[in-house]
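Work through the exercises below with the model open. Try each task before reading its solution.

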Amino acid sequence: MVMTLELTEIIEEEKKAEKALEEAKKKADEILEDAKRRAMEIVEKAQKEASFQDLIEERIREIGEKKRMILKQFEDECEKLSKKADKNLSKVADFILEKVLGVKHE
Amino acid sequence: MSKEELKTYIRSKADEEVKKIIGEAENTAKKMIEEAEIKAVQIKDEKLKKIKKEMDEKEKAGLSFAKMDGRKKVMDVKEEFLKRALDEVEKRLKGFSSSKMSEKYQEILTDLTVEAVSNIDSKEVKISANKNDLDTLRKNLQAIRSIISKMKNSEVDIELDNKPIDTIGGVIIYSKDGKQIYNNTFEARLSRTFEESKGKLLTMLFEE
């Protein structure tokens, strides 16, 4: 009789141990599921946040500025050329005329 | 082993196993998060690299187009002034050829005719010119014949084409068989001068 009671207590202890293990496995699954969800969130967030819109806008502004500077340089060159050509136009016409007529035209 | 000792053993084994299961799960979870964080950094780095590359290409293309536009503007200015120079010459030529009877014009017309005939390898040539130049040439035809005959060391039969052509001035010479032609009108000479001297004209126009 005493032996039976002791055996029952030990079996109970075994059951408690099995239950604790089952709960532990369940908790482990939850930990892994939670980690998986958080990992996906981290990746999705990175994909969403990686638009670098500020950087793009800044670069577009810089490029626009560089283009304006280049065009300004050419416009300045055109202005200088026009001034020189205005001054030299008559001399060039004389030169062409001399060639066309074959004699110096007065 | 007593009953209590056995129960304690079972409990401690179970606790140990639970700790192991939870510990392994936590370690795996930690690795998953770490890997996700590394992947997130990689995603950002790759995107940043891609954007930088795209923007560099955009800049290169944009600046290249801007330079092309600028160069075109410079070319347009140069072409505009070349055209203005030619317009000016044409204007002066018209003024000059309207002073038909001036001695200088007659000299030039004779020179143009002699030069053109000397470039035709024929003993029979025909001269085309505008109405006023035909009149002038008609008056000086004998002198022109004489100059050319002396130059070529033989007689050349020169005939005027009485049908006037549309030109500012100068002549077109044809061999009578029509196989040779020399255009010595002002327009043709202007065009030749322009083609031959375009580089020099540009230099002269835009020098200090």
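The bend at a residue is the angle between two fitted axes, one for the seven residues ending there and one for the seven starting there. Helices are DSSP runs of H or I with at least four residues, numbered from the N terminus. The model is predicted: local features need pLDDT of at least 70, side-chain atom pairs count only at pLDDT 80 or more, and totals for chains, interfaces and linings use all residues. Residues are numbered from 1 along each chain as its sequence is written.

**Exercise 1.** Find where H2(A) kinks, and by how much.

Solution. Go to A:Asn88, the centre of the kink. The angle there is about 50°. Then step just past the helix: A:Gly102 has a positive phi of about 80°.

**Exercise 2.** Compare the span of helix H2 (residues 53–101) of chain A with its expected span.

Solution. Take 1.5 Å times one less than the number of residues. For 49 residues this gives 72 Å. The end C-alpha atoms lie 67 Å apart, which agrees.

**Exercise 3.** Classify how H2(A) and helix H1 (residues 3–98) of chain B are arranged.

Solution. Fit axes to C-alpha atoms over the stretch in contact, with angles from 0 to 180 degrees between N-to-C directions. The axes come within 8 Å and cross at roughly 15°. H2(A) is therefore roughly parallel to H1(B) (angles under 35 degrees count as such). Next, sort the contact residues (heavy atoms within 4.5 Å) by class: 30 are nonpolar (Ala, Val, Leu, Ile, Met, Phe, Trp, Tyr, Cys and Pro), 19 charged (Asp, Glu, Lys and Arg) and 4 polar (the others, Gly among them).

Key:
Chains are lettered from A and ligands numbered from 1 in the order in which they are written. Side-chain values use heavy atoms; hydrogens and water are left out. Helices (H or I, at least four residues) and strands (E, at least two) are DSSP runs, numbered from the N terminus. Angles under 35 degrees count as roughly parallel, over 145 as roughly antiparallel, 65 to 115 as roughly perpendicular and the rest as oblique.
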